[in-house]
Structures are given as structure tokens and as C-alpha cells.
Amino acid sequence: MPDPCTVVVLGAGGYVGGALARALHLPGVRLRLAGRRPPPWECDGPVGAVDRRAADLTDPGAVRDLVAGADVVVVSVLYAPDGSWRDADADPVAARCVNVGVVESVLESVGGDRDPSLPPPVVVVPGTASLDHAGDGAMSEHVMSVYERHKAEAEELLMEATRRGTARGISMRLPTVYGAAGPGRTVGRGVVAQILRTALDGRPLTIWGDGSADRDLVHIRDVADAVATAVASPDLLAGRRWSIGTGEAVTLTRLFTLAASVAAERVGGSPVPVEYVEPPSGATVTDARSSAVDPGPFSERTGWTAGTRLEDGLRQTVDELVRCP
């Protein structure tokens, strides 16, 4: 990568995007952050200047301006007006403008003013590990959620740009992400945060189904480290889809029971009960499907491994929730 290196993070005001931005705030990096509002920034050290911009990322012209001169672009955007990937089901057209359209705009714009003697810019797009099951017959197009279909489409655009030689595209498929990237950081609005908030409030935890489905849960710090690793080694990774996770899935029963125990340990008293109910009408196939992740190929190629044990990550998340409800 050139030195200095211009790194753009789109969606830097979000839960994942903010953590990625902090992980990429490195010596020799000129960081450009964009979101619907100027992304908040708390500098952990005197590394380098940070350019924060507010922009409509669904506007191709705005994206073109943002990625001008970029060596690396990280696209961390999600259509989630109510805080969930499920929101795409309610308005697929609007969701596609965000989940796919921003990637399209980046790939159409990036590298247009680049010195032809330099390698193509790096474009990293976090995806979903649920697509790991799409190629083995276990997950056909008609059972994909709208969000999964959008992520699959964005991945293919990224791979096609790599084949054309206009970008070095890296898709990083993420399972359930949880935790805070550091003291005082947000824990997001994901399922793990919701479970722990419920337990801290002393209310029973409710599992849809029998609790036997598996989940791989990866801490946000490990995700940020994985993306920073990818940005540092693009030629080892470009043109492929990489699964990021711990490789150690747990059942929903284990997750909910452990969450109840960790919350009780933090505030005192007995763990809240874990109850089982029939899935509601809005449940999807994804909710019932196990989602074990194999991060082995990425680890073998880069040396990265997830370093946060689930119990430790849940305790850290509970501490942040108690500190900043």
C-alpha cells in the first residue's frame, strides 16, 4: 500500500463501521469517514488527521466525491431504520439502494483518478456468514431473506470488479457480532445486547423453538482486527469470500443460559429463567438455521484468529451496558 494511504470508511457512524474506523486509524493512514451525519470520533492517540463528512451514501455523486483518491474503501452500510437487518423485508427497494446500491456506486467510482502504475484500490465489504450455506444446497434463493439476497448480490459485484481488474475486492462474511470495541463504546442493538439488557432488567429470556440451533458469535474487536488484517494484506485475499468467526458455535440454549448467568453475576441475585416459545409469524428460515462458521481459510492465509472467549465477551458487554444503559 502507498504511504501515506487514504482509507475511506462508509457507514463509519454505525456500530460495526465505527469499530472498523478506529482499527484502521494507524500511522501512515489518512482516514476519511462518512455517514448520514459526521461520524463521532474519539481519538485514542496522536496518529493522524481524520476527515469526517456527512453524506447521503445512496447518492452516487456523493459516493464519487468520498472515494476520490482512495487506496482502500470499506463499505459498512446496512438498511436498518428500526435497527435490524429484518427491516429489508418491509421495503426491499429502499433496502437495495443501501445494501447493494452503495457498493455499486463505489465500484463504479473508485480508482477513476488513480495512477495506472499503482495496483487497483482495495474494497472491503462486510457480508453475512449465513451465505456460507448457499452453495451446498442447504439454502436456495427462495429461502433467502431479502437481506441475504442483497448481500449475495453485493458480493458478486465485488468479485466481478476484481475479475475486471478495477478493484481488489474482499468480502468478509460475518456471523453474529456483539460487544463493545473499547470502554465507553456502543454495544449496538443486536440480538446479544438485547438478550443481556433483558436479563439485566430481571425479565425472562425467550427462545424461539427448542434452542438447538447453533450460533457462532464473534466479538466486535475481533472483527475490527480481521478487517485491519485484510486491509494490510489485500493481495492474499482479493477476489474471494472469507468467513470470519470463532469456529466454536454454541446452541441458543447455551447462549441464553450463559447470558442469564453473566447478568446475574454482575448485578447479584439469581439468573432469570430461560423459556421456549413457538416462533412468531415474522420468523424466517434464517432464525431456525444453525450457522457454524469456518474461519480456518482466513486464519491460515493471514494468521488472524478470534481472541475473545464468549464468556469474557459477554462479561465485557454487560459491564458496558451497566456503565452506559
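The paragraphs below walk through a predicted model, beginning with its sheet and moving on to the helices.

The sheet is open and consists of 7 strands in the order 3-2-1-4-5-6-11, with parallel pairing. Its edges are formed by strand 3, residues 50-54, and strand 11, residues 240-243, each of which pairs on one side only. Passing from one strand to the next, the twist averages 20 degrees. At the strand 3 edge, the partner is strand 2, which covers residues 29-35 and pairs with strand 3 in the parallel sense over 5 bridges; within this pairing, G35 stands opposite A54 in strand 3. Helix 4, made up of residues 101-109, packs on the sheet and touches strand 1 (5-10), strand 4 (72-75) and strand 5 (122-128), while its direction makes about 170 degrees with that of strand 4.

Helix 5, which runs over residues 146-164, contains K151. This lysine is buried yet has no salt bridge, and the nearest side chain of opposite charge, that of E155, is 8.5 Å away, whereas a salt bridge would require a side-chain nitrogen within 4 Å of a carboxyl oxygen. If neighbours within four places in sequence are left aside, the residues in contact with K151 are V77, P126, G127, T128 and L131.

Helix 7, residues 220-232, has 13 residues and reaches 18 Å from its first C-alpha to its last, close to the 18 Å expected at 1.5 Å a residue. The buried residues of helix 7 are I220, D222, V223, A224, A226, V227, A228, A230 and V231.

Methods
Residues are numbered from 1 along each chain as its sequence is written. This is a predicted model: local features need pLDDT of at least 70, side-chain atom pairs count only at pLDDT 80 or more; totals for chains, interfaces and linings use all residues. Side-chain values use heavy atoms; hydrogens and water are left out. Two strands pair if DSSP finds at least two bridges between them. Helices (H or I, at least four residues) and strands (E, at least two) are DSSP runs, numbered from the N terminus. Axes are lines fitted to C-alpha atoms, for helices over the stretch in contact, and angles run from 0 to 180 degrees between N-to-C directions. Contact means heavy atoms within 4.5 Å. Buried means under 20% relative accessible area, exposed over 50%, partly exposed in between (1.4 Å probe, protein chains only). Lys and Arg count as positive and Asp and Glu as negative; His and the chain ends are not counted. The expected span of a helix is 1.5 Å times one less than its number of residues.
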